Amino acid sequence: MLLLIIVFTNCEKDEEEPLRNLDGDPSGAVINTRVIDYSEGELTIELDIYVVDGKGNFTKGLSTDNFSIDNIKLNYYEAASFENVRVSASRTSSKGSYYASLLLDQSGSISNTDPYNLRIDAAKIFCEALGANDYVLLSSFTSSYSPYEVILHSEYTQDTSELNYQLNNLLYKHGGGTPLYNAAYSMVKYTDENASGNNKAIILFTDGNNTTSGTTLPQLTDYANNMGVQIYTVGLSRSVDFSVLAQIASNTGGSFMWAQDARQLITMFGTLGDLLSGNASYYSTRWQVSRERGTWQSGTSIVTELIITLKDGSSFSVPFEISIP
């Protein structure tokens, strides 16, 4: 069950959004992965990559030189190398207005990974960038909430002043463990039953791994798929499980975004609306993956990091997972 605070609001938004001028760090995400072909030691994959600068604007003019993946160990004896063979610019297909449920991790480790509460500032930026027909709900989760693990701080609304007020109430209020799967499962149910339209999504922010029993990962993703609710995962710090957050996102039609530094949350949350509405530019890249020995097999899964180097020489990592069907 969920504790619900209902807010009734009415607010108009501008139809067109100007170029952003955020104060964050560059960020990005692998928003789609595809296996094109594989045979023996050769594997061809495609990665669709979303890249924004520190102001939150799509970074234009990148080429194969700006994307790289280091050699990885497949196991103790074998390795694989990645060659970027093609890059082209593209745009996502429009999905229209959205109803998004913000689900923020308030577990105890947040005090270390986000000491300046940048997740709160980032969530405010997301709320302030709503389109004319977009709505957002604010919720949070931690095992210290009693008797429930999830609290709803608002109903779906466009009232940014109320959302900001409720976000401020989350400042320095963290503790307990991380009921990641249980909380997300509860929010899928609530989103399915209360959000309008076909474009329903959850933005699941966490800095750690699931620490409670109950819902399993397959149960969560199967349920979200059946209910038509996309889950966009946002991970902070290397304490998160890349594979878990990537699976939650890819198996529900969402995207996995990861911030090594909390300042990246500003540009991640500030541009999530583009991905939710299908109004985002991205790079379609093709890679040739070669094994030193052995053959690629159906069911093989690769979890690694893509390195994006911008024109000013700065770089950051974007983790992803791809599985051979």
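Here is a chat about the packing and a few backbone details of this predicted model.

Biologist: I'm new to this one. Which residues in the largest nonpolar core touch the most other members?

Modeller: Keep in mind that the model is predicted. The largest nonpolar core has 43 residues, and those touching the most other members are Leu102, Leu104, Phe126, Ile203, Leu265, Phe269 and Leu272.

Biologist: Let's take Phe126. What does Phe126 touch?

Modeller: Leaving out residues up to four places away in sequence, Phe126 touches Tyr98, Ala100, Leu102, Val136 and Ile203, plus Phe269, Leu272, Gly273 and Leu276. There's also a second, separate core, with 32 residues, including Leu152, Leu217, Leu220 and Phe256.

Biologist: Back to helix 2, then. How many of its residues are buried?

Modeller: Nine of the eleven, so helix 2 is mostly covered, where buried means under 20% relative accessible area. The buried ones are Leu118, Arg119, Ile120, Ala122, Ala123, Lys124, Ile125, Phe126 and Cys127.

Biologist: And what do those buried residues pack against?

Modeller: Quite a list! There are three strands, namely strand 6 (99-105), strand 7 and strand 9 (200-206), and three helices, namely helix 1, helix 3 and helix 7 (264-277).

Biologist: Helix 3 sounds interesting. At what angle do the axes of helix 2 and helix 3 cross?

Modeller: At roughly 170°, with the axes of helix 2 (residues 118-128) and helix 3 (residues 160-168) coming within 10 Å. Angles over 145 degrees count as roughly antiparallel, and that is why helix 2 is described as roughly antiparallel to helix 3. The crossing of helix 2 past helix 3 is right-handed.

Biologist: Which residues meet there?

Modeller: From helix 2 you have Ile120, Ala123, Lys124, Cys127 and Glu128, and from helix 3 Thr160, Leu163, Asn164, Leu167 and Asn168. Sorted by class, that contact of helix 2 with helix 3 has five nonpolar, three polar and two charged residues.

Biologist: OK, other pair. How do the axes of helix 5 and helix 6 cross?

Modeller: The axes of helix 5 (residues 217-227) and helix 6 (residues 242-250) cross at roughly 20° and come within 9 Å. Angles under 35 degrees count as roughly parallel, so helix 5 is roughly parallel to helix 6. Helix 5 passes helix 6 in a right-handed crossing.

Biologist: What meets what in that one?

Modeller: Leu217, Leu220 and Thr221 of helix 5 meet Val244, Gln247 and Ile248 of helix 6. By class, the contact of helix 5 with helix 6 has four nonpolar residues, two polar and no charged ones. Leu217 and Leu220 also belong to that second core.

Biologist: Switching to the backbone. Where is the cis peptide bond?

Modeller: A cis peptide bond joins Ser146 and Pro147, with omega about 5°. Pro147 sits in the loop between strand 7 (135-141) and strand 8 (150-152).

Biologist: I also saw Glu40 and Asn117. What is phi for each of them?

Modeller: Glu40 has a positive phi of about 50° although it isn't a glycine. Asn117 isn't a glycine either, and its phi is positive too, near 55°.

Biologist: Where do they lie, and is each one buried or exposed?

Modeller: Glu40 is in the loop between strand 1 (27-39) and strand 2 (42-52). At 62% relative accessibility, Glu40 counts as exposed. Asn117 is in the loop between helix 1 (110-113) and helix 2, and with a relative accessible area of 3%, Asn117 is buried.

Notes: Residues are numbered from 1 along each chain as its sequence is written. This is a predicted model: local features need pLDDT of at least 70, side-chain atom pairs count only at pLDDT 80 or more; totals for chains, interfaces and linings use all residues. Side-chain values use heavy atoms; hydrogens and water are left out. A nonpolar core is a set of buried Ala, Val, Leu, Ile, Met, Phe, Trp, Tyr and Cys residues joined through side-chain atoms within 4.5 Å. Buried means under 20% relative accessible area, exposed over 50%, partly exposed in between (1.4 Å probe, protein chains only). Contact means heavy atoms within 4.5 Å. Axes are lines fitted to C-alpha atoms, for helices over the stretch in contact, and angles run from 0 to 180 degrees between N-to-C directions. Helices (H or I, at least four residues) and strands (E, at least two) are DSSP runs, numbered from the N terminus. Angles under 35 degrees count as roughly parallel, over 145 as roughly antiparallel, 65 to 115 as roughly perpendicular and the rest as oblique. A crossing is left-handed if the near helix is turned anticlockwise from the far one by less than a right angle, and right-handed if clockwise. Ala, Val, Leu, Ile, Met, Phe, Trp, Tyr, Cys and Pro count as nonpolar, Asp, Glu, Lys and Arg as charged, and the others, Gly among them, as polar.
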